[in-house]
Amino acid sequence: MPSARRIGLFPDTYTIDDRYHISIGGLPIRQLAQEFGTPLYVLDYETLRHRIRSFQQALQDMNPPGQAFYAGKAFLTKAMAGFLEQQHMGLDVVSGGELYTALEGGMNPSRIIFHGNVKTDEEIRFGLLRGVGYFVVDSLAELEAISRIAKEVDKPAPILLRLTPGIEAHTHAFIQTGQFDSKFGFAMQDGIHEVALQRALTLPYLELKGFHAHIGSQIFDEDPFVHNAQRLMEFMHDALERYHYWPEVVDIGGGFGVQYGPDDDPPQVSRILARVNDAMQRMTPHGYAVPTVFIEPGRAIVAEAGVTIYQVGATKTVPGGKRYAAVDGGMGDNIRPALYQASYTAQVDGKNPEDRALYTIAGRYCESGDILVKDIPLPPIEPGDYVVVFGTGAYNFAMASNYNRVPRPAVVLVYNGQASLWVKRESYEDMAHNDLPWQDPEEGLWR
Ligand SMILES: Cc1ncc(COP(=O)(O)O)c(C=O)c1O
């Protein structure tokens, strides 16, 4: 029996044996690939649980204890919702579809925050009737709509106002959200946030519980998170002075960075939350309760727990010597490298990682930009090899598409040598399920 050791950037999650076979959750990836097919998303239960517990522990150490609402946009399925419910986690959803998935999966609606910069009347009604814990309101039009629909269904709506605090976190522009020039929320400039506050306090059927600001994603510095909380607290002082309003909740969003590659240095969440806690204590006026801090981590819970297994279809060396290995997935299951130059690490199963040459791992989709990993040192690759791309748990399955009419991969959860199917692989029939056959308009068959 070959011995196994923990490997690479994610030593809690993956092992490699003497013959260089990689395992996750105690299961060889080769076995997973053969049983469930490729490409295959795999999630490690231990890593998910460990991440959730470390957030919960850091929140418990706050006074009053904070609460975590996992950002479902990172990865959400019915099974994930059931798992979150079992872990007593809250959930942030951004659409009726995410809310539906969460409720079908058994999530308690009172622990759900309903986000999104456009919510349709139908979605607002769905959230109100099912009793979501909070709506995060993004615009004046939405304030009016929630007030109107809440009155119609005779259910007061607990709300938070989404503010943009003017904090520019150092991350890719596409995942920055805290700067004033953002499509999200009320900028804390030009007085629009004041108007929103007045309306939130006066429109009927609205219960203003507090404020929210999410400054971006994949943030490595501690300071922006602390500045965000401070900025909200400063505004709350004004609100107290001018409107005698003091909130119960301050939601500082998500965005805690994770490790995708050797240069990434994620921040320590316990330290961030301890500093936020200090700021909240210090800045709460005498005689008022310190608001409860909410956070919305997505990536930091699920990214490193996930891996995608691909099979190599073809290899080639182009003039000039550059080597390509093309795999049976790509931008349809992981759009992030094409969308915002996200970088990943990878390994080849059953090959000595010390024998290395530079490879570019290309996808199978009909776009030159369909490159999963650029110029990565890997052992010699041949068609039929299995390539594992690490850290794909967040925003991969969630952003997957049927581009080129390629069915989406399955998702399995692994734990202690066992695998549980969370999402079945799409079949051609599933993919084309809503397509209707050709009808000749000249025969007057159109509706
Ligand atoms: C409002 C809000 N909360 C939380 C998140 C989750 O961010 P992350 O997955 O980086 O933690 C996002 C991401 O876009 C967001 O927009």
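Select Asn352 first, in the loop between β17 (346–348) and β18 (357–362), where helices (H or I, at least four residues) and strands (E, at least two) are DSSP runs numbered from the N terminus. This is a predicted model, in which local features need pLDDT of at least 70 and side-chain atom pairs count only at pLDDT 80 or more, while totals for chains, interfaces and linings use all residues. Residues are numbered from 1 along each chain as its sequence is written, and side-chain values use heavy atoms, with hydrogens and water left out.

Asn352 counts as partly exposed because its relative accessibility is 22%; buried means under 20% relative accessible area, exposed over 50%, and partly exposed in between (1.4 Å probe, protein chains only). Leaving aside neighbours within four places in sequence, Asn352 is in contact with Tyr20 and Pro379, contact meaning heavy atoms within 4.5 Å. Add Ser54 to the selection: its C-alpha atom is separated by 34 Å from that of Asn352, and the two residues are 298 apart along the chain.

Now zoom out to the whole chain, which has twelve helices and 22 strands. The C-alpha trace spans about 70 × 65 × 45 Å along its principal axes. The radius of gyration is 24 Å, which agrees with the value near 22 Å for a compact globule of 447 residues; the radius is taken over C-alpha atoms, and the globule rule is 2.2 Å times the number of residues to the power 0.38. Of the 447 residues, 55% are buried, and among contacts between residues at least 6 apart in sequence, 68% join residues at least 24 apart.

Next, select Lys73, in the loop between β6 (67–71) and α3. UniProt, in an unreviewed entry, lists Lys73 for "modified residue: N6-(pyridoxal phosphate)lysine"; such annotations may be inferred rather than shown by experiment, and their positions are given in the numbering used here. With a relative accessible area of 31%, Lys73 is partly exposed. Once neighbours within four places in sequence are left aside, Lys73 is in contact with Asp92, Val94, Glu98, Tyr395 and Ala398.

One of these contacts, Glu98, leads to helix α4 (residues 96–104), whose buried residues are Gly96, Glu98, Leu99, Thr101, Ala102 and Leu103. Show α3 (78–86), β7 (90–93), β8 (112–114) and α5 (121–130) as well, since the buried residues of α4 pack against these elements. After α4 comes Gly106, with a positive phi near 100°.

The last stops concern the backbone. Most residues other than glycine have a negative phi, and most peptide bonds are trans. Select Thr38 and Pro39, which are joined by a cis peptide bond with omega of about -10°; Pro39 is in the loop between α1 (29–36) and β5 (40–44). A cis peptide bond also joins Asn63 and Pro64, with omega about 0°, and Pro64 is found in the loop between α2 (45–60) and β6.

Move on to Asp375, in strand β19 (residues 371–378), which has a positive phi of about 45° although it is not a glycine. Asp375 counts as partly exposed because its relative accessibility is 42%. Finish at Asn416, in the loop between β21 (410–415) and β22 (418–423), where phi is near 55°, a positive value in a residue other than glycine; at 60% relative accessibility, Asn416 counts as exposed.
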